[in-house]
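Work through the exercises below with the coordinates open. Each task is followed by a solution in steps.

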Amino acid sequence: MFPERFSNLPAYAFPRLRALLDHLEPGGPVMHMTIGEPKHVFPQWVTDVISEHAAGFNQYPANDGTPELLDAISAWIKRRYNVGIASAQIMALNGTREGLYNAAMALCPETKNGAQPIILTPNPFYQVYAVAAASVGAEARFVPATEASGHLPDFTALGADVLDRVAIAYVCSPANPQGAVADAAYWRDLITLAEKHDFKIFADECYSEIYRDTPPVGALQVATEMGADPERVLIFHSLSKRSNLPGLRSGFVAGGPESIRRIRQLRAYSGAPLPLPLQRAAEKVWADEAHVEENRRLYAEKFTLADEILGDVPGYMSPQAGFFLWLPVDNGETAAVKLWTETGVRVLPGAYLSRDAEGYNPGERFIRVALVAPKTEVQDGLKKLRACLYG
C-alpha cells in the first residue's frame, strides 16, 4: 500500500533533466548552468571556526538553534530590515527547504471555513511548495507568475470563494527563476489580502542579498510597518546564496511567537538540527557583511555580461536580483537538447519548474540558466548559448 497523495507528482527537475540529456553525447566541453549551487569562494575563517569547535560533533545540537546563533540572526534582521524580533521568534533551519516544508506541516489547518484548505504558489515555483501542500492534504493552487503580472503571482485577482479557503500563500522574492522583486506596494496589497481572508504568508527570501542596486524590501519589514497581525507573515532565509555556503545547511524562519512555537514543537519530534560546530560557524557568518558585498560584486559582473551578450534577444529580461536568467525559447526541452548536443552547455527547461494550470504551463517556452560559475566560464557559456539558440 502506498499513499495516493503523491501519485501525481512529476519527477523532480534534475532527474527529469538527466533522463532528457544523459543518453545524448555533449557537443563540446561540459558546462553546467543548471543548478543554483553557488561557486564563489566562501570566507576561509568559516573552516577555522568549524575546526575550532569540532568537539561539538560529540554533542546533540540545540534543536532550535544556539542562543548565540539566534541572537546573530536577530541582529542581522535588525540591521537588514530595521525590524526588532526576539530570538524566541526565530528558529534555525537545516536549510530553508526543511523550513518551507515543515512550516506547512505545523501551521496548515485540516479545514478552512469548512472546506479543504488551499495553498497558493506562484507558477513557476520552488517545487517544495507543492509537495508541502500535498503532504498536508491541501489543494495546491498554481497562480501564474508571468510577464503580464510582473513575474510575481497576482493573488489579488483570485475570487473571494478561493481566498476564503486559503491557509498559506508562498511567495519567492527575489523570484526563482525570474529574478523579479516584490516591492513594498506588492507586499502591502498581499498582507492586506491575507488580513482580510485570514491566511498566512510564507515569504521565501533566500535570494534577498543578491541584488544589483537596491536591497529588496522584506515581507516582515512591510508587515511590521503596517502593524499587521504578528502571525501573518513568516520569512525564510539562508546562508546558501548569501554566503556561498549551500553545504553548511544554515537557514532560519522568523515570524509570530505562536507560529514559531508550533514549528519548534514539530521540529522537536521530526527535525534534524544543524550540528553544533556548523551552528558556531553560522553565528559568525550572519554577523559578517564584507564577504556578502564581494559576492554581490561578482554577480553584478556576470549580470553585466549577460546584458551585453543577450540584451538584444527579443524577450530578454535582465533580472533585478538572484542569479538566474529566465530566457525565452520556442520550447524549453527542445532548446536544452539542442544546446547540450551542439555545445555541451547544460541548462534546465522551464517547464520542469512549473505545472500545467489554467490550460498551459507558463515555463514551457523558457529555459533557466544559472550564473554561478566563475566569470570566464559564464561568459563562455553565454556566448555558446547565444550562438546556438539565437544566432
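The exercises cover cysteines, a helix and a pocket in this predicted model.

**Exercise 1.** Determine how many disulfides the model has, and whether Cys108 and Cys206 are buried or exposed.

Solution.
- A disulfide requires two cysteine sulfur atoms within 2.5 Å.
- For Cys108, the nearest cysteine sulfur belongs to Cys172 and is 20 Å away, so Cys108 is in no disulfide.
- For Cys206, the nearest cysteine sulfur is again that of Cys172, at 6.9 Å, so Cys206 is in no disulfide either.
- The count for the model is 0 disulfides.
- Buried means under 20% relative accessible area. Cys108 has 9% relative accessibility and therefore counts as buried; Cys206, at 10%, also counts as buried.

**Exercise 2.** Check the span of helix α3 (residues 67-81) against the expected value, then list its buried residues.

Solution.
- Helix α3 has 15 residues, and at 1.5 Å a residue it should span 21 Å.
- The end C-alpha atoms of α3 are 21 Å apart, so the two values agree.
- The buried residues of α3 are Leu69, Leu70, Ala72, Ile73, Ser74, Trp76, Ile77, Arg80 and Tyr81.
- Asn82, just after α3, takes a positive phi of about 55 degrees.

**Exercise 3.** Describe the largest pocket by volume, lining and residue class.

Solution.
- The volume of the largest pocket is about 520 Å³.
- Its lining comprises 27 residues, of which Gly36, Arg97, Tyr126, Tyr207 and Lys241 are the closest to the centre.
- Two or more lining residues come from each of α1 (13-21), α4 (96-107) and α9 (239-242).
- By class, 14 lining residues are nonpolar, 7 polar and 6 charged.

Notes:
Residues are numbered from 1 along each chain as its sequence is written. This is a predicted model: local features need pLDDT of at least 70, side-chain atom pairs count only at pLDDT 80 or more; totals for chains, interfaces and linings use all residues. Side-chain values use heavy atoms; hydrogens and water are left out. Buried means under 20% relative accessible area, exposed over 50%, partly exposed in between (1.4 Å probe, protein chains only). Helices (H or I, at least four residues) and strands (E, at least two) are DSSP runs, numbered from the N terminus. The expected span of a helix is 1.5 Å times one less than its number of residues. On a 1 Å grid over the protein atoms alone, a cavity is a set of points where a 1.4 Å probe fits but cannot get out, and a pocket is an open set with protein on both sides within 12 Å along at least five of seven lines; lining residues have an atom within 4 Å of a point. Grid points are joined across faces, edges and corners, and a volume is the space filled by probe spheres set on the points. Ala, Val, Leu, Ile, Met, Phe, Trp, Tyr, Cys and Pro count as nonpolar, Asp, Glu, Lys and Arg as charged, and the others, Gly among them, as polar.
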